[in-house]
Amino acid sequence: MSVSEKAAKGNRVDETPRLGMETMKHSVLVTRQIPGESLQRLREVCEVEVWPEAIPPSREELCRLVKGRHGLLTMLSDRIDGELMDVAGEQLCVVSNYAVGFNNIDVDAAKTRGVVVGNTPDVLTDATADLAVSLLFAASRHVLPAGNQVREGEWKTWEPTGWLGVEPSGKTLGIVGMGRIGKATAKRLVGGWGMNLLYTSRSDQGDVEKELGGRRVELDTLLAESDFVSVHVALTDETRNLIDADAIGKMKSTSVLVNTARGEIVDQDALVDALNRRAIFAAGLDVTTPEPLPADHALVKSPHCVILPHIGSATHTSRNAMSEIAVDNLIAGLAGKPLRCSVT
Ligand code: NAP
């Protein structure tokens, strides 16, 4: 059923939506507690059920919970595909993802079912770029293993040859995917550490070249010439395993790989192999496959890899702002209005 057909059947309010009494008929599922006051705003205009646990609902649980809902406010760990939308029912009209990435949602399936999809871009750009820079330094300077040496009472002395790292000043930064977060990361490292910039992008980024002096190159060139490679592409069928064994094989043995985008963009077996052989210097990952990554995984055990539990956007400022947008998107979708941030 198309969006307009849904409106005609009364599942969505019509062309002049009035929030409040109209949306009150609607029922929405929020798949995790979110920070800030915005859920209260949502409760004032519709019936809201919030999954109360920190661990996501299982697929079975999710199927049970979505039935009859008009709107879903979802997390990146919830797989929202055509099957789930069908289980929800024809009245479903909006899926509002609490993330900028929406690879967990089958957007084509949503379109064919007249379901609009929203995300939360921009407000998490600075926080995620800050984390990419943090990971770059943590991986380059052995910050976690060196700190653990202190905690574990293993710090014996100051060593001229101990914990030697690599530094970014004046070196070459390769940004894979010059979108919002890629740009913000480049700005920090070019402006702050005088790095030279290479980047990949399918679209023209003339403004970046003017502002930061970067050069758009093919991925192979970027990998071969960069001292630090930071991954920022969206996860799609085309970018899955983009950084595979072949790609890692092109990187310098002194280089550092950072990934704050999505785990599936990097072939983790190839990364483990490269780190074990010291074919690259180190890696810093905020995202992995799967999440959480088991504690006995070879990457977790590698002294050359820093792994964080997907905390790129985890600041009070970003997460509160994401809540606001996600709720605005949901309310607009229920009312048949354009979403504040739409991906469809
Ligand atoms: P964005 O502005 O949309 O940037 C993504 C970039 O990916 C685009 O500039 C696009 O560049 C490129 N891209 C898309 N499809 C591609 C393809 N098939 N092949 C090559 N390049 C492709 O998004 P953003 O706000 O910077 O966020 C980037 C990603 O970071 C998100 O998708 C999300 O997965 C991740 N993220 C992670 C965290 C975290 O907590 N770690 C937080 C926020 C975001 P062109 O179209 O010009 O090629």
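Two rings of Phe, Tyr or Trp count as an aromatic pair if their centres lie within 6.5 Å. In this predicted model, a search of the whole structure finds 1 aromatic pair.

Select F137 and W193 to display that pair. The ring centres are 4.9 Å apart and the planes stand at 50°, so the pair is classed as tilted. Next, colour the two helices involved: F137 belongs to helix α6 (residues 125-140) and W193 to helix α8 (residues 180-193). The pair thus links distant parts of the chain, with the two positions 56 residues apart in numbering. With the surface switched on, F137 is partly exposed, at a relative accessible area of 23%. W193 is likewise partly exposed, with a value of 32%.

Move now to the sheet. Select its 5 strands, which form an open sheet in the order β2-β1-β3-β4-β5 with parallel pairing. At the edges stand β2 (47-50) and β5 (116-118); each has a single partner strand, so one side of each is left without a neighbour in the sheet. Viewed across the strands, the twist averages 15° from one strand to the next.

Within the sheet, focus on β1 (residues 27-30) and β3 (residues 71-74), which run parallel and are joined by 3 bridges. To locate a bridge, select V28, whose partner in β3 is G71.

Then add helix α14 (residues 316-334), which lies across β1, β3, β4 (94-97) and β5. Relative to β4, helix α14 runs at about 175°.

Finish at R278 and F281. Here R278 lies over the face of F281, at 5.5 Å from the ring centre.

Terms used: Residues are numbered from 1 along each chain as its sequence is written. This is a predicted model: local features need pLDDT of at least 70, side-chain atom pairs count only at pLDDT 80 or more; totals for chains, interfaces and linings use all residues. Side-chain values use heavy atoms; hydrogens and water are left out. Rings of Phe, Tyr and Trp (its six-membered ring) pair if their centres lie within 6.5 Å; planes under 30 degrees apart count as stacked, over 60 as edge-to-face and the rest as tilted. Helices (H or I, at least four residues) and strands (E, at least two) are DSSP runs, numbered from the N terminus. Buried means under 20% relative accessible area, exposed over 50%, partly exposed in between (1.4 Å probe, protein chains only). A charge sits over a ring if NZ of Lys or CZ of Arg is within 6 Å of the ring centre and within 35 degrees of the ring normal. Two strands pair if DSSP finds at least two bridges between them. Axes are lines fitted to C-alpha atoms, for helices over the stretch in contact, and angles run from 0 to 180 degrees between N-to-C directions. Contact means heavy atoms within 4.5 Å.
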